[in-house]
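These are my notebook entries on one protein structure. I set down what I looked up, one topic at a time.

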Amino acid sequence: MKYVLMMTGTKADFDWYAKWPKQDLQAHAAFMRAFSKELKDSGTFVASEGLAFPDQAKIVRAGRDGIPITDGIFPEAKEFLAGYWIVDVESPEQAYRIAARASAAPGPGGTPGNMPIEVRQVLSSAPKELL
């Protein structure tokens, strides 16, 4: 079963993160690289990416003629996606354990960040009840 583990934060979280001391940012990035390597080595890794800060986001919709219409930036949004992992595991509990490890990534001073990680199964087709 594949699961997406989504790391989210508020604008205040992103602003706070941008002010971390350089050594804390480096420790956090080193943890993330090592964490992804462990997932690859264990055979559960499918994909992982960090995303640009929310102030670079745009919402895109198709106009009447199909031409993209963009809008943004949206400071009123409550949460933003910061990054994600996709893992292929045997059970939801295994995905939850992996998410908990990601949540404990170091913050300032090396203390666990305990950031929220949303875990959702990746579906290969629409649920049967919708077909």
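The entries below cover the nonpolar core, the salt bridges and one loop residue.

**Entry 1: the model.** I noted at the outset that this is a predicted model.

**Entry 2: the nonpolar core.** I looked up the largest nonpolar core and found that it has 19 residues. I then asked which of the 19 residues touch the most other members. They are Leu5, Met7, Trp85, Val87, Ile98 and Ile117. Next I traced the core to the elements that build it: β1 (2-9), α2 (22-42), β5 (80-88) and α3 each supply at least two of its residues. I recorded a general point beside this: in soluble globular proteins, nonpolar side chains tend to be buried together.

**Entry 3: the contacts of Leu5.** I chose Leu5 from the core and listed what it touches, leaving out residues up to four places away in sequence. Among its contacts are Trp85, Val87, Ile98 and Ile117, which are also named with Leu5 as touching the most other core members. Leu5 also touches Gly83, Tyr84, Ala95, Ala99, Glu118 and Val119.

**Entry 4: the salt bridges.** I counted four salt bridges in the model. As general background, side chains of opposite charge can pair when their charged atoms come close.

I began with Lys37 and Asp41, whose closest N and O atoms are 2.7 Å apart. Both residues lie in helix α2, four residues apart, which is about one turn of the helix. I also asked whether Asp41 is buried or exposed. Asp41 has a relative accessible area of 56%, so it counts as exposed, the cut-off being over 50%.

I turned next to Arg101 and Glu38, where the closest N and O atoms are 2.5 Å apart. This pair links distant parts of the chain, with Arg101 in helix α3 and Glu38 in helix α2, 63 residues apart. Arg101 is partly exposed at 39% relative accessibility, and Glu38 is partly exposed at 40%.

I then examined Glu118 and Arg120, which form a salt bridge with the closest N and O atoms 3.6 Å apart. Glu118, already listed as a contact of Leu5, is partly exposed at 35% relative accessibility. Arg120 is partly exposed as well, with a relative accessible area of 48%.

**Entry 5: a loop residue.** Finally, I asked where Asn114 is placed. Asn114 is in the loop between α3 (92-103) and β6 (117-121). Its phi is near 50 degrees, a positive value in a residue other than glycine. Asn114 is exposed, with a relative accessible area of 57%.

Key:
Residues numbered from 1 in each chain as written. Predicted model: local features only at pLDDT ≥ 70, side-chain atom pairs only at ≥ 80, totals over all residues. Heavy atoms only, no water. Buried < 20%, exposed > 50% of the residue type's maximum accessible area, 1.4 Å probe, protein only. Core = buried A, V, L, I, M, F, W, Y, C linked by side-chain atoms within 4.5 Å. Contact = heavy atoms within 4.5 Å. Salt bridge = Lys/Arg side-chain N within 4 Å of Asp/Glu carboxyl O.
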